[in-house]
Amino acid sequence: MKMMKKRMVDFYISKDIINDGTNGRVEWTFKSQAGTYLSNQNPDGSWGDVDYASTTSAANGRGWSPYLALDRMQSMAQAFADPNDPNYHSKTLLVGIQKALDYWFKVKPTSTNWWETGIGKQLRLGKIAFLCEGYLTTTQVSNIIGTLDSSPHTIDGANSSWYNQNYMYRGLLLEDARIVRNAVNAFNVLSNVATTVTGIQSDMSFFMHGKTNYTTGYGRSFARDMSFWAYITSGTAFSFSEAAIDSLSSYLLDGTRYLVKGDVADLGMGMNGPDWPGYTSAALTFYEDPMQWMQTANPKRAAEFASFLDNIRRIGTNTSNGLDKSNMTQWQTLVSSHMRDDYGITVKMSSSTVKGGEWRTINPSGYNLLYWTPQGATAIQRTGDEYRPVYPLMDWAHVPGTTAPYALTKDGNFNNPKTFVGGVTNERYGATAFDFNKLNTSGKKGYFFFDEEMVALGAGITSTNTAPIHTTLNQSQATGEVLVDGSPIADGTMQTGGRWAYNDHIGYIFPNPTDFQVKQETKTGKWSDVISGSSTEAMTKPIFSIWLDHGVKPTNASYQYIVLPNKTSEEVGSYASDNPISILANTSSVQAVRHKSLGIAELLFYQPGSVSVRDGLIVTVDQPAMVIVDESSAPVRISVANPETPGITVNVTLDRDGETSTTSYTLGKDTFTGRSVTLNEGASIDDSGFDLAYDKGATASSSKGNLFASKAADLYRTSYWSSNDSNHEWIYVDLQNQFLINKVRLNWEKAYGKSYKIQVSNDAVTWSDVYSTTTGKGGIEDISFSPVSTRYVRMEGVEQGTGNGYSLYEFNVYEAVPPNLAEGKPVAASSSRAANVGTGYAVDGSLSTRWGSNYSDPQWIYVDLGTSQSIQEVALHWEDAYGEAYQIQVSDDATNWTTVYSTTTGDGGIDRISFEPVNARYVRMYGTKRGTKYGYSLWEFKVYSALATAPNLEIS
């Protein structure tokens with residue numbers, strides 16, 4: 001523990017400020033100003049400019065005055081603990097700290113906001129205790145420890161990481177190994193993909209406040225805290241589990257990294273205000289330290305963390321973040337990212353169930369400047385300096401990538417009522433669809449990504465808004481001349497007809513001659529113009545803008561343009577004269593593009609239909625779907641996604657002059673709704689099962705280079721584990737709990753197992769065979785066996801199939817569960833608070849939609865199974881508004897009900913409720929006491945019969 005505490009103190013004193021990733025300060029305080037804070041202190045330890053009686057909430061950019069006292073104490077404690085500071089172990093400074101603490105606990109400041117009283121003050125008091133450890137009185141230490149959490153916390157994402165951090169402080173201050181171990185175990189849980197709504201999601205993004213995209217908001221503070229403790233504990237008896245380190249690393253490298261190219265790509269997060277003291281960008285503020293900490297915590301991915309770190313440290317230069325040929329859609333939070341060595345493009349979206357953000361700052365005029373930032377906004381980055389220097393000067397009615405009324409709004413709704421929102425990817429190329437309807441303006445927006453370019457299409461653009469409708473291609477810091485068809489233009493706005501425009505090494509190409517607007521102007525402003533209470537220092541910067549004007553109240557308007565990043569003007573001009581893009585369709589039904597040089601077609605079918613891709617090839621789908629057809633090599637590879645219908649089956653038919661093939665996909669559901677699947681032409685797959693091994697890490701007998709075992713259970717479909725070139729190699733996954741399983745899927749890379757076994761264990765020491773073969777042929781192998789209860793699952797190789805060891809793209813494990821009898825069945829409820837939380841959403845098979853009742857007791861919801869059936873289990877997936885007291889009831893007529901389960905201690909999350917088998921047609925949740933001030937809200941209401949399969953296999 002002494003090593004852990006030394007590491008903590010060394011970091012706390014390393015900078016002039018303490019960067020703990022939190023906001024709410026009244027003003028910044030500095031270690032170098034400790035003497036000033038001491039000299040301005042009153043004799044009783046208070047400060048005259050601190051209102052200790054203030055109860056103001058520090059949410060949304062406001063400050064809570066008592067924080068200023070704690071922050072000054074922190075800075076004084078930093079100076080006291082720093083051997084290189086002139087105030088090191090100063091008795092006078094220590095007395096000042098002690099007096100300030102005594103006064104704090106005498107007056108006991110409080111706030112109307114729970115965060116200040118439950119998390120914020122504890123984070124500061126804990127650091128003061130460590131920095132002054134051994135020098136405070138017993139009473140002072142006891143007072144601080146008394147504020148700290150007394151139990152671990154795991155269910156609420158970033159809030160849980162903060163609570164748990166305070167619990168860890170308690171354990172370390174008391175030097176209580178049990179508490180420290182419990183805190184680390186809680187950190188291990190928080191590092192995993194969340195089983196509740198908030199926290200790390202299955203696509204390595206982050207939700208907070210329900211299904212609100214906060215990867216670069218709360219998720220960045222979460223990343224700081226979790227990586228800090230992974231570093232602090234590394235190499236000690238209290239280190240994180242390997243699976244937790246793997247998952248946390250994946251969140252940072254396979255999730256967050258897609259949203260950072262030099263600086264954070266999320267335009268909404270750019271409006272958090274000016275950079276923190278000592279940091280020159282948002283990316284450095286939140287990710288510089290974690291990238292260093294994680295190199296220590298996870299040496300096997302240290303090179304990737306170093307590459308990410310180098311990219312954000314070299315902001316303003318064109319460097320790689322390590323993702324050189326990568327495309328990813330985060331299907332949970334609805335962000336698409338396309339990364340190449342020399343550029344990155346992200347698209348941020350929202351839907352009826354996913355909020356793209358929240359109104360977290362206060363504009364002097366009351367406008368919501370962030371309104372359009374999750375509505376198809378694109379960030380086009382080469383160096384990371386495109387947007388950061390000019391955020392306060394931007395025209396926030398011209399958010400890059402959006403199609404919107406040209407007017408600011410005070411509306412605070414960050415959702416979008418449409419559902420066909422997301423993307424398809426083969427992890428190198430991808431296409432993204434954004435069906436939207438905001439402020440009486442609707443349309444379809446498609447984004448198509450290739451190696452050198454992004455193609456953008458818009459169709460069906462219709463509006464009744466009284467403002468003109470603009471599609472903004474970009475708005476950024478101007479660098480160098482603005483060119484149109486090779487000729488420079490003067491400052492100011494002008495109507496321009498042409499084929500291409502250019503600024504800052506980025507070309508904007510119109511396949512057909514198009515009228516567009518370009519503006520280059522030098523603007524002066526300050527942060528306080530856009531965020532109340534922010535910096536009043538003036539700044540002057542040149543701004544470049546380019547947009548299309550669709551006029552007022554357009555009907556069925558459209559657009560098409562190509563973005564060509566990191567090119568010279570000569571290269572852009574040459575490309576505009578002869579580009580490799582064929583626009584196959586651009587309607588409200590289908591948007592499709594083919595890259596002739598690559599042999600890749602990307603198609604967005606908003607409804608079933610057909611597209612002629614080239615002479616002799618027609619692609620047809622029988623369901624709405626996003627599709628990539630890759631003809632660059634044999635066999636043809638086809639990628640498919642559908643973001644709106646869980647578990648949907650999509651058939652893709654290729655017709656070559658009458659010769660047809662059909663590739664069939666049953667797509668993911670629950671938290672994997674919207675995830676892409678890629679198959680060889682003519683194959684089929686059922687991807688609707690829930691993979692228990694996903695993101696759980698893995699352990700193997702050997703690994704070649706960086707082809708680690710964890711890659712067989714990670715986010716990517718194209719990454720893989722590879723063993724040494726010998727016969728008896730193995731890989732196993734720790735499911736981290738006991739599960740009844742009956743199926744394993746092995747997706748082999750080229751090096752497959754000819755002879756191998758599937759084995760199970762409860763301790764990873766003694767193994768039992770559940771399957772063996774001597775005739776393995778590679779490809780995708782689905783292996784079923786009698787249900788068995790186990791925690792560990794292993795593939796043990798006996799004989800290689802190629803002589804190159806064993807390689808697995810994916811090692812999937814599936815739970816033995818009967819079908820959910822409630823899915824898709826009729827449902828009724830006592831109330832539904834709004835149309836977007838209607839009853840049917842509780843049984844649609846999606847964890848992205850929910851039912852929500854009125855805010856009163858009692859409330860109920862029941863499902864009609866259609867016929868009387870034997871049931872013995874119900875699963876309730878609660879949203880934040882859960883039932884504290886409720887009953888599960890059954891009936892054959894929906895009038896007379898029998899209670900089979902009741903509780904008065906519900907705590908939300910997922911309630912799995914088992915009872916003696918009973919025959920019933922109707923199953924009801926009857927809530928009598930809400931757990932929050934809101935109503936009752938269920939993501940899913942599932943009903944199960946007994947598992948009608950063979951008896952469990954005994955494990956020796």
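Reader: Is Tyr12 buried or exposed, and what is its relative accessible area?
Author: Buried means under 20% relative accessible area, exposed means over 50%, and partly exposed is in between (1.4 Å probe, protein chains only). Tyr12 counts as buried, with a relative accessible area of 3%.

Reader: Good, but what kind of model is this?
Author: Residues are numbered from 1 along each chain as its sequence is written, and side-chain values use heavy atoms, leaving out hydrogens and water. Local features need pLDDT (the predictor's confidence in each residue, from 0 to 100) of at least 70, side-chain atom pairs count only at pLDDT 80 or more, and totals for chains, interfaces and linings use all residues, since the model is predicted.

Reader: How many aromatic pairs are there, and how far apart in the chain are Tyr12 and Phe228?
Author: Rings of Phe, Tyr and Trp (its six-membered ring) pair if their centres lie within 6.5 Å; planes under 30 degrees apart are stacked, over 60 edge-to-face, the rest tilted. That rule gives 48 pairs. Tyr12 and Phe228 make a stacked one, at 6.1 Å and 25°. Tyr12 sits in helix α1 and Phe228 in helix α9 (helices are DSSP runs of H or I, at least four residues, numbered from the N terminus), so the pair bridges a gap of 216 residues.

Reader: What sort of pair do Tyr214 and Tyr218 form?
Author: Both residues are buried. Their ring centres are 4.7 Å apart with planes at 85°, so this pair is edge-to-face.

Reader: How far apart are the end C-alpha atoms of helix α12?
Author: The expected span is 1.5 Å times one less than the number of residues. For the twelve residues 302-313 that comes to 16 Å, and the end C-alpha atoms agree, at 16 Å.

Definitions and conventions. Helices (H or I, at least four residues) and strands (E, at least two) are DSSP runs, numbered from the N terminus.
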